[in-house]
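Colleague: Could you take a close look at a single residue for me, state how far it is covered, and then set it within the wider model? I am new to these terms, and would be grateful to have each one explained as it arises.

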Amino acid sequence: MLSKIRLAFLLLLVISSITAYSQQPGAPWPKLRQNNLNTGVGVGGGSNGLQRWVFPAGQFNTLSPPVIAADGTIYLGAASNLLAIRQDGTLKWSFATGSQIYTAASIGADGTIFVGSDDFKLYAINPDGTKKWSYPTGNNVGTSPAFAADGTIYFGSSDDYLYALNPDGTLKWKFFALAYVDSSPAVDSDGTIYFGAGYGTFFAVNPDGTQKWAFDTGGISGIVSSPAIAPDGTIYFGSWDHNLYALNHNGTKKWVFPTNDLIWTAPAIAQDGTIYIGSDDKNFYAVNPDGSLKWKFTPGNKVESSAAIGSDGTIYFGSMDFNVYALKPDGTQLWSFKTGNFANFDPAIGADGTVFAASADYHLYALGIPSTTVPIASLTLSPSTVTGGNKTQATVTLTQPAPAGGDLVTLQSSSSSATVPASITIPQGSTTGQFDVSTTQVAAVSTATITATSGSSSQTATLTMNPPSLVSGLTVSPTSVIGGKSATGTVTLVAPAPASGAIVTLSSNSASAIVPQTVTVGAGNSTATFVVNTLGVGSTTTATLAAAINGSTKSANLTVQPPALASFYLDVTTVVGSASAGATVVLSGVAPAGGVVVKIGTSNSNAIVPAQVTVPEGAASVSFAIGTKVVAQTLSSTFIAILGPDSLSCKLTIQAPSLLGIGSAPDLVVGGSKTVVTGSVMLNGPAPTGGIVVTLTSANPALAKVPATVTVPAGSDTATFTITHKAVTTAQVVKLTAKAGIVTTLGNLSVVPFEVTGVTIDPATVTGGSPSAGSFDLNAIPSTSSGAIAVKLSSSATIVSVPATVSVAPGQQTGHFIITTKAVPASKTAAITAKLGSSSKQAGMTIQQAYLSSISVSPGSVKGVAATIVTGTVNLTGIAPTGGLKVSLASSNSAAAGGPVSVTVPAGKSNATFKVTHSKVLVQTSVTITGGLAGVNKTTTVTVTP
């Protein structure tokens, strides 16, 4: 019977080619569902699922199912464009329509590509990508065209019509379908056109456009599934009412196969008559020709991709779990390929078996690389023994590297308790491949034979599956602990753990004993230990611990004891009265909820303690402060901590205060200066009532004098006093002594002499004969007792004079003086020195020669013939030195006005005059008189008039 069905199927394909349906001859997949019968069977097969190339169409946002021309060109709708893609995955050309393309193109006999668009048009496009013609409809064109033998093009539109166009693009007829037409038509060998429409009506239309018959599915659910026609004339289609329908050639119902959700996909019909269809119920179905279920395959999501069947019977389809699947005719998975998004577009099969699948990740994938097989050298399992329910890893090793395209290795298991994938592909150039063997739990030791096959070569490996581990005992050590301490639990198995280990579940019936959720017994071991942590308890508590695995359970008890006093100590054993000490109470374990109250007592009222302290919940200790009072003599206090019947004690010595030290501020002073030096004595604690008298002495009272005593007042630990000091000529250190009771302490005060710290001259540069001001600073301000401080002054040059001494009066820190200079013929320098004792400071100054500052004439205008005397004057910046200074003179027009060639400024003078002679002129003439001295020139003008 099966051979008869296959023969009928092949005859129908032959008849289809003889009747010359107007689709491109030789094209492996010229239209949606491959042929006019929409069977979805290709001429190629054997794809191994390896990616040959991927075409990124991401810039186009939406894709449609691909079709394949005779020359191997793939046509693909992408957004509003029809793309032509070469066999190597590169773009050949792109044709733009006016809106989105959601349906597959169809390729006519002459290579013309027909495609519908949401711009309401059907386009005819030449193989070179140029437009041939377009036909407008009243709404979106969402179906893939089919062809009649005479070249008529059939397609549906959402304007509720099925259209028949002539090859030149003119309307032949149109059929009103009552609702939108999104079902791509199929054309039978007698020319009948089959398609579904919205609201559940399926139509058969004659080649002249008249209705042959209509089938109502009985509801309003739409039919977008494209019909497929079997060799016996049966018509199959899916519906949104969840059903797969089989109709007789006359339009009567043959049978209905129910699924559990919408059917968007078109049926595919195998050579043996099996019908393949996917559903939104996340199942892919194989249905026998009598309407019974053959098998079903459940991917990870909805199936909205129609199947394509290879020439070898392999079924290819995509799922919204992102995968493209390849199934054997018996429903077992051959391979899967993961894309980046929903794989909900119908795949197409090339002549060489390559599967072309589009994905909602906006990529077109070419899957299938021709490969040759390599013999298998070995198959190993690691580990080869597992506990049922665990996995092991298998490794296939080839005798040589896998060829181009990789080596496809099929896999089998002899036991249902051990499952393997259908196949793996060892990549090109590699000699090994791995896969997981999953197992289920077994009641007794079981084995499974794993077989790997590459071509005619096979290798096997044996997997041993053990039953689950059982627990034989549970112990805890120690069996009794104080809350907060830990114990160690040990679980023992009946037999050593398997290679993957044995996970034992742990529990405790008391919140006071905490165990981990599980403990793992390592491979080959029979025991494992774990830590039992405990919490504080207020009374003795017994916790029952349990260990369980695979239905076996063992238990053990742990006693948790309340805490007792462990220790009571102070952070110091001696303090000076008024100081505090830190005390700590330590328990033998942690305190329970609410804490633990410990009573505190003292034997001496000079020690202040709280009546009780509380160790907080979860803590094992608490610290607190012990205060003390000021005492006049040293004494001792005993403290006691009480918890229930337990008590602990410790002692503290409270000392009377004693002298700690003597000091001064500052500890270095200029003797005899106004600086006040304050001395201080310090105790190690506050003075008691009546204070403490401290005796003071100075080793050199002539230089640094202190009072005989100073009293530290009650409640204070310091007292201050004034140290008077005298001027010294050399630095000295005076030792100070303080004594109170039997304690003596020493301190030092450094007394240094007055010194000059700096000299200032302002201005530091003057013209000879001009004065300047000088000043110097001392290192401190003299006091009245020290009197004025005399500082010696000197100059390094005879042209500069300073007073021999300058005194700084008490209360002042700076001395001022006048510097006198003499005229010089050239610039000179001098150093001014201020000296006091062994200290001295210097400042330098510059004495400049006098320069020509100006030249003038009076009067500035004169008649040339007049007897008026014109007098010129030259002025210097200072006085002329001994011998005077000669200023050169020159006239710009000596014929009109002139004078001597020079004039001398006498010593001690800053100017000189000269006579300007003048002569008759015919026109008013300005004459420039120039004076020069040491490179400095000055000018003036005299005007001579007629």
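Modeller: A residue is called buried when its relative accessible area is under 20%, exposed when it is over 50%, and partly exposed in between (1.4 Å probe, protein chains only). The residue I have chosen is Thr-541, which counts as partly exposed because its relative accessibility is 22%. Please bear in mind that the model is predicted: local features need pLDDT of at least 70, and side-chain atom pairs count only at pLDDT 80 or more, whereas totals for chains, interfaces and linings use all residues. Residues are numbered from 1 along each chain as its sequence is written, and side-chain values use heavy atoms, with hydrogens and water left out.

Thr-541 lies in strand β49, which covers residues 541-549. Strands (E, at least two residues) and helices (H or I, at least four) are DSSP runs, numbered from the N terminus. Setting aside residues up to four places away in sequence, Thr-541 touches Ser-510, Ser-512, Leu-558, Thr-559 and Val-560, where a contact means heavy atoms within 4.5 Å. Thr-541 can also be set against a distant point: its C-alpha atom is 123 Å from that of Gly-883, and these two residues are 342 residues apart along the chain.

A distance of that kind leads to the chain as a whole. The protein chain holds one helix and 86 strands. Its radius of gyration, taken over C-alpha atoms, is 59 Å, and the globule rule gives 30 Å for 946 residues, so the chain is more spread out than a compact globule. That rule is 2.2 Å times the number of residues to the power 0.38. The C-alpha trace spans about 145 × 130 × 60 Å along its principal axes. Of the 946 residues, 50% are buried. Among contacts with a separation of 6 or more, 53% join residues 24 or more positions apart.

Thr-201 offers a second threonine to set beside Thr-541. Thr-201 sits in strand β16, residues 201-205, and is buried, since its relative accessible area is 15%. Apart from neighbours within four places in sequence, Thr-201 is in contact with Gly-196, Ala-214, Phe-215 and Ile-223. The loop between β15 (193-197) and β16 holds Tyr-199. Tyr-199 has a positive phi of about 70 degrees although it is not a glycine, and it counts as exposed because its relative accessible area is 52%. Most residues other than glycine have a negative phi, and most peptide bonds are trans. Leu-178 also has a positive phi, near 75 degrees. The place of Leu-178 is the loop between β13 (171-176) and β14 (186-187), and its relative accessibility of 55% makes it exposed.

Departures from trans peptide bonds also appear. The bond from Ser-477 to Pro-478 is cis, with omega near -5 degrees, and Pro-478 lies in the loop between β42 (471-477) and β43 (480-482). The bond from Ser-858 to Pro-859 is likewise cis, with omega near 0 degrees; Pro-859 belongs to the loop between β78 (852-858) and β79 (861-863).

It remains to describe how some of the strands are joined. Strands of a sheet pair through backbone hydrogen bonds, either parallel or antiparallel. Here, two strands pair if DSSP finds at least two bridges between them. One open sheet has four strands in the order β18-β19-β20-β21, with antiparallel pairing. Its edge strands, β18 (228-229) and β21 (253-258), each pair on one side only. Within this sheet, four bridges join β19 (residues 235-238) to β20 (residues 243-247), and Gly-238 stands opposite Leu-244 in β20.

Strand β68 (residues 743-752) has partners of both kinds. It runs parallel to β61 (residues 668-670), to which three bridges join it; Val-670 has Val-752 as its bridge partner. It runs antiparallel to β67 (residues 732-740), through nine bridges, and here Val-734 is matched with Leu-749. β67 and β68 form a hairpin with two residues between them, and Gly-741 in the turn has a positive phi of about 65 degrees.
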